[in-house]
Amino acid sequence: MVGWMDAKHPMKVTKSGVAYHPTHVQQQVKINDNNLTKGLLFGVLDIERKEVLWLELEFDGQVVHNMSLHAVKALIKRLESKIKVGELLELKAEVHQQEIANEKENADQIYDQHWALNLAEVNQLWN
C-alpha cells in the first residue's frame with residue numbers, strides 16, 4: 001500500500017509514533033497481486049515537474065537499492081513516448097478541421113478529466 005497526504009495538513013510526530021488523520025490522505029493505492037513476491041516500484045516523484053509518474057515496476061528485492069536504474073529509465077522513456085490523451089484530442093480536432101474552444105460555453109463537445117477517466121470513451125477516439 002502506498003499513498004500521500006495533503007501538505008495543508010502536516011503529520012505530527014507523537015511519542016507513540018506518527019499520527020495522521022485518514023481524511024487528509026489525497027491518494028492511496030493498494031496492490032493485490034498474488035504473483036508479486038518481491039518489490040514493486042509504484043512511481044517516481046518528479047520534483048521539477050511536481051508530479052508523480054506511475055510505473056508499477058516489479059523488481060527482485062525488498063529495498064530500492066536492488067532495483068535496476070537502467071530498467072526504470074527505460075520504462076520512463078517508453079511511457080513518455082506514448083501519445084497523451086490531450087495530444088490525441090488535438091489531432092482529432094485538426095483532422096476534422098475543428099476549432100478548440102477555451103471556454104466550455106463555446107464548445108460543442110467537452111472533454112474533461114472525468115471524460116478522460118472513462119477508458120471506453122477515450123478508446124472511441126480511435127474509431
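**Exercise 1. Salt bridges around Arg49**

Task: Find which residue meets Glu51 in a salt bridge, and extend the search to the whole structure.

Solution. Step 1: Glu51 pairs with Arg49 through their side chains, at 3.5 Å from N to O. A salt bridge here is a side-chain nitrogen of Lys or Arg within 4 Å of a carboxyl oxygen of Asp or Glu. A note before going on: this is a predicted model, in which local features need pLDDT of at least 70 and side-chain atom pairs count only at pLDDT 80 or more, while totals for chains, interfaces and linings use all residues. Residues are numbered from 1 along each chain as its sequence is written, and side-chain values use heavy atoms, with hydrogens and water left out.

Step 2: Over the whole structure, the search gives three salt bridges. Arg49 also bridges to Asp46, with the closest N and O atoms 3.5 Å apart, and Arg49 meets Glu80 at 3.7 Å, N to O.

Step 3: Place the last pair. Glu80 belongs to helix α1 and Arg49 to the loop between β5 and β6, so this bridge ties together parts that are 31 residues apart in sequence. Helices (H or I, at least four residues) and strands (E, at least two) are DSSP runs, numbered from the N terminus.

Step 4: Through shared partners, Asp46, Arg49, Glu51 and Glu80 become one network.

Step 5: Check the acidic partners for accessibility. Asp46 is partly exposed at 25% relative accessible area, Glu51 is partly exposed at 37%, and Glu80 is partly exposed at 42%. The classes are buried (under 20% relative accessible area), exposed (over 50%) and partly exposed in between, with a 1.4 Å probe and protein chains only.

**Exercise 2. The nonpolar cores**

Task: List the residues of the largest nonpolar core and say which elements each supply at least two of them.

Solution. Step 1: Eight residues make up the largest core: Leu41, Leu55, Leu57, Phe59, Met67, Val72, Leu75 and Ile76. Such a core is a set of buried Ala, Val, Leu, Ile, Met, Phe, Trp, Tyr and Cys residues joined through side-chain atoms within 4.5 Å.

Step 2: β6 (51-59) and α1 (69-81) each supply at least two residues of this core.

Step 3: Look around Leu55. Not counting residues up to four places away in sequence, Leu55 touches Leu41, Phe42, Gly43, Val44, Val72, Leu75, Ile76 and Leu79; contact means heavy atoms within 4.5 Å.

**Exercise 3. An aromatic pair**

Task: Determine how many aromatic pairs a search of the whole structure finds, and describe the geometry.

Solution. Step 1: The search returns one pair. Rings of Phe, Tyr and Trp (its six-membered ring) pair if their centres lie within 6.5 Å; planes under 30 degrees apart are stacked, over 60 edge-to-face and the rest tilted.

Step 2: Tyr111 and Trp115 are the partners, edge-to-face, with 4.7 Å centre to centre and 75° between the planes.

Step 3: Trp115 is buried at 11% relative accessible area, whereas Tyr111 is partly exposed at 31%.

**Exercise 4. Trp4 and its surroundings**

Task: Locate Trp4 and name its contacts beyond four places in sequence.

Solution. Step 1: Trp4 sits in strand β1 (residues 2-5) and is partly exposed, with a relative accessible area of 32%.

Step 2: Leaving aside neighbours within four places in sequence, Trp4 contacts Val25, Gln26, Gln27, Val52 and Trp54.

Step 3: Trp4 and His24 are 20 residues apart in sequence, and their C-alpha atoms are 8.7 Å apart in space.
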